[in-house]
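Colleague: I am new to this structure and would like a close look at one part of it, the second largest pocket, followed by the salt bridges. Could you take me through these slowly?

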Amino acid sequence: MGISKWIGAFLGALNGGPLGAIAGFILGSVVDSLTDTKSDATANNAYSNGHQGFAEDDDILNRRRQSQAQGDRNGFLFSLMLLSAHIIQADGKIMHSEMEMVRQFLRVNFGENAVSQGNNILLRLFDYRKQHGEQSWSQQIGEACRQIRMAMPEEHRLQLVAFLAQISKADGKVDESEIRELRNVAYNLGLNASVVDQMLSLGGKTLDDAYKVLGLTKDATDDEVRKAYRKLALKYHPDRVATLGDDVKEAAQKKFQELNDAKERIYKARNL
């Protein structure tokens, strides 16, 4: 499925709001047509209506699960593109390294043809922001995040923030403006702002980084360390984002390993 087609599929599932308005603006300028998607959907619906009476219960259930999983993935990917455009411009600059990280994500998951189209979508989002002005854009991003919060489970929102943190680190440094916008996004997604510090500290090599990953300070007791790790291990387990696709699950597995590395660094320092 072309990248604009999954955006179109997601747009069809929205009940208006800022996400629908922004998605509609993007699709108005993307070359890839939605005609095939609509035709396919019509054919699929006709087939389903004509054969549902003959299908096994398990087959119906499997189709529903597949449809739900595709819907989850569509929503996640569109949200990622929208918020990536926001974070890339958080410091007032469009860095090649940050753009390239998004392009690489598209290249791996959609193929080379999707890279130029995805790049066009980012540029259109930048243009949308410029046309509407900073105040309107900020308001719409906040409202879009709240719309995402209502539609997306917490574990998916956490993975979304994890990707955004990676983008902010792509140029080798994270400006205060980027941290501020990451925290605003996290807050409007219904997450504790401290999750941003955790995500930015993942992959760090120091003991201080390890404590930040667990959301603790060096004054924490051994029992608090164990409890914090167990809580995060359950929340960040890769299986909790399985419906988003193998690529997202693989990223979650890397994040989970970095969580374990942070835990082991603290355990070693405390002889636990």
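Modeller: What follows describes a predicted model, and every value in it is computed from that model. The second largest pocket has a volume of about 390 Å³, and 16 residues line it, among which Met101, Phe105, Phe163, Gln166 and Ala251 lie nearest its centre. Four helices each supply at least two residues of this lining, namely H4 (57-88), H5 (96-110), H7 (154-169) and H12 (246-270). Of the contributions to the lining, the largest share belongs to H5, with seven residues. Sorted by character, the lining of this pocket holds eight nonpolar residues, together with four polar and four charged ones.

From the pocket we can turn to the salt bridges, of which a search of the whole structure finds 14. One that involves helix H12, a helix already met in the pocket lining, joins Arg270 to Asp222, with the closest N and O atoms 2.6 Å apart. Because Arg270 lies in helix H12 while Asp222 lies in helix H11 (residues 222-235), this pair ties together parts that are 48 residues apart in sequence. The two partners can also be described by their accessibility: Arg270 counts as buried at 19% relative accessibility, where the cut-off for buried is under 20%, whereas Asp222, at 30%, counts as partly exposed.

Helix H11 also holds a salt bridge within itself, in which the side chains of Lys227 and Asp223 meet at 3.4 Å, N to O. Both of these residues lie in H11, four residues apart, which is about one turn of the helix. Lys227 is partly exposed, with a relative accessibility of 48%, and Asp223 is likewise partly exposed, its relative accessible area being 40%. Elsewhere, Glu100, Arg103 and Arg107 are joined into one network by salt bridges that share partners.

A further pair to look for is Arg129 and Glu134, which form a salt bridge whose closest N and O atoms are 2.9 Å apart. Here Arg129 is buried, its relative accessible area being 8%, while Glu134 counts as partly exposed at 45% relative accessibility. When you return to the model, you might begin with Met101 and Phe105, which are among the residues nearest the centre of the pocket, and then follow the pair Arg270 and Asp222 from helix H12 to helix H11.

Technical notes. Residues numbered from 1 in each chain as written. Predicted model: local features only at pLDDT ≥ 70, side-chain atom pairs only at ≥ 80, totals over all residues. Heavy atoms only, no water. 1 Å grid on protein atoms, 1.4 Å probe; cavity = no way out; pocket = protein on both sides within 12 Å on 5 of 7 lines; lining within 4 Å. Points joined across faces, edges and corners; volume = space filled by probe spheres on them. Nonpolar A, V, L, I, M, F, W, Y, C, P; charged D, E, K, R; others polar. Salt bridge = Lys/Arg side-chain N within 4 Å of Asp/Glu carboxyl O. Buried < 20%, exposed > 50% of the residue type's maximum accessible area, 1.4 Å probe, protein only.
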